[in-house]
Amino acid sequence: QQHVALAIDGLMQPGRMKFLAKQFAERLYLFIGMQETRSKNEGSAMAGDYIRIVGGATKKSQLGCELWLSTAIPYTKTDNVERMFQMRHVTVLDSSPRHLVVLIKAPFFRLRVVVAHGPHSGSDPVLVAKWWSDLKSLMYRFEVPGVETLMLADANAKVGSLESPNVGGLDAQDECHAGQCFHSLLHDLKMFLPATYEDLHVGPSPTWCAYNGNQHRIDYVALP
């Protein structure tokens with residue numbers, strides 16, 4: 001089972017959702033956090049074997065976060081019974097075009113999932129700092145006692161040059177302003193980025209490739 005943060009640049013093209021659902025199932029992805037889906041229809045729906053929780057885009061069909069949950073891949077097995085997610089297990093706690101907070105309450109399973117999309121690197125630094133501060137406040141506001149948090153983020157943030165219990169030094173990048181804000185959130189919420197640790201990460205580190213071929217790591221899974 002794997003958890004993925006994915007900037008998708010629109011889901012409304014014909015056949016794209018079916019194609020993605022097939023790929024996700026083949027790779028045994030249990031949770032997928034998506035950003036820039038551009039879907040204005042908030043709510044829930046199915047895409048193949050996946051529940052789609054849609055946070056909604058702007059009125060101009062920009063941004064938009066979604067969480068996909070597999071209904072075919074077991075999240076656990078108890079008494080020789082494989083347990084799968086169902087629509088009734090999911091509650092949306094809060095959403096905007098840049099974030100989605102979901103509570104999953106299923107038999108033998110409790111988890112809060114935050115899908116987030118940070119401002120791009122060219123944004124006003126003051127606005128970047130405020131967005132991250134607001135997200136941290138929101139995550140405190142929607143804390144659920146006894147329930148851990150999984151974050152799936154297109155953070156638009158570079159980290160690694162300043163190591164801590166929250167961020168390791170694997171394939172370190174110079175910590176940018178957004179990275180400092182993200183790092184602060186991770187510290188305060190006691191979360192860490194497994195992709196920054198050599199003993200945890202498998203595969204290449206870059207998650208985004210610019211038009212000029214430059215590659216960067218700006219998307220992350222954060223764990224408690």
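Two strands are taken to pair where DSSP finds at least two bridges between them. The model shown in these views is a predicted one.

**View 1. The open five-stranded sheet, with strands in the order β8-β9-β10-β11-β14 and mixed pairing.** The edges of this sheet are formed by β8 (residues 90-96) and β14 (residues 219-222), each of which pairs on one side only. From one strand to the next, the twist averages 10°. At the β8 edge, β8 and β9 (residues 99-106) are joined by six bridges in the antiparallel sense, and within this part of the sheet valine 92 stands opposite valine 102 of β9.

**View 2. Helix α2 lying across four strands of the sheet.** Helix α2, residues 125-141, lies across β8, β9, β10 (residues 109-117) and β11 (residues 149-154), and its direction makes an angle of about 165° with that of β10. Two tryptophans that follow one another in the sequence, tryptophan 131 and tryptophan 132, form an aromatic pair with edge-to-face geometry, their ring centres being 4.9 Å apart and their planes at 90°. Tryptophan 131 is buried, with a relative accessible area of 16%, and tryptophan 132, at 2% relative accessibility, is likewise classed as buried.

**View 3. The largest nonpolar core, which has 31 residues.** In soluble globular proteins, nonpolar side chains tend to be buried together. The residues with the most contacts inside the largest core of this model are Phe31, Leu67, Trp68, Phe85 and Val113. At least two core residues come from each of α1 (16-26), β2 (29-35), β4 (50-54), β5 (65-70), β9, β10 and β11, and the element that gives the most is β2, with five residues. Separate from this set is a second core of 26 residues, which includes Leu138, Ala157, Val159 and Leu189.

**View 4. Strand β5 between its antiparallel partners β2 and β4.** Strand β5 is mostly covered, with six of its six residues buried. The side chains of Cys65, Leu67 and Leu69 point one way from the strand, whereas those of Glu66, Trp68 and Ser70 point the other way. This arrangement can be read against the general rule that, in a regular strand, side chains alternate between the two faces of the sheet. Five bridges link β5 to β2 in the antiparallel sense, and in that pairing glutamate 66 of β5 is the bridge partner of methionine 34. Five bridges also link β5 to β4, again in the antiparallel sense, and here the bridge partner of isoleucine 51 is leucine 69 of β5.

**View 5. Aromatic pairs, of which the structure holds 13.** Phenylalanine 85 and phenylalanine 109 meet edge-to-face, at 5.2 Å from centre to centre and with 75° between the ring planes. Because phenylalanine 85 lies in the loop between β7 (81-83) and β8, while phenylalanine 109 lies in strand β10, this pair ties together parts that are 24 residues apart in sequence. Both of these phenylalanines are buried. Elsewhere, ring pairs link Phe24, Tyr29, Tyr50 and Trp68 into a cluster.

**View 6. Cysteine 176 and cysteine 209, in a model where the count of disulfides is zero.** A disulfide is a covalent bond between the sulfur atoms of two cysteines. Cysteine 176 takes part in no such bond, the nearest cysteine sulfur being that of cysteine 181, at 8.4 Å. For cysteine 209, the closest cysteine sulfur is that of cysteine 176, at a distance of 18 Å, which is too far for a bond. Cysteine 176 counts as partly exposed, at 26% relative accessibility, and cysteine 209 is also partly exposed, at 44%.

**View 7. Two loop residues other than glycine with positive phi, glutamate 36 and aspartate 79.** Glutamate 36, whose phi is near 60°, is found in the loop between β2 and β3 (43-47). Glutamate 36 has a relative accessible area of 26% and is therefore partly exposed. Aspartate 79, whose phi is near 50°, belongs to the loop between β6 (76-78) and β7. With a relative accessibility of 72%, aspartate 79 counts as exposed.

Note on methods: Residues numbered from 1 in each chain as written. Predicted model: local features only at pLDDT ≥ 70, side-chain atom pairs only at ≥ 80, totals over all residues. Heavy atoms only, no water. Axes fitted to C-alpha atoms, helices over the stretch in contact; angles between N-to-C directions. Contact = heavy atoms within 4.5 Å. Core = buried A, V, L, I, M, F, W, Y, C linked by side-chain atoms within 4.5 Å. Buried < 20%, exposed > 50% of the residue type's maximum accessible area, 1.4 Å probe, protein only. Phe/Tyr/Trp six-rings, centres within 6.5 Å; stacked < 30°, edge-to-face > 60°. Disulfide = S-S within 2.5 Å.
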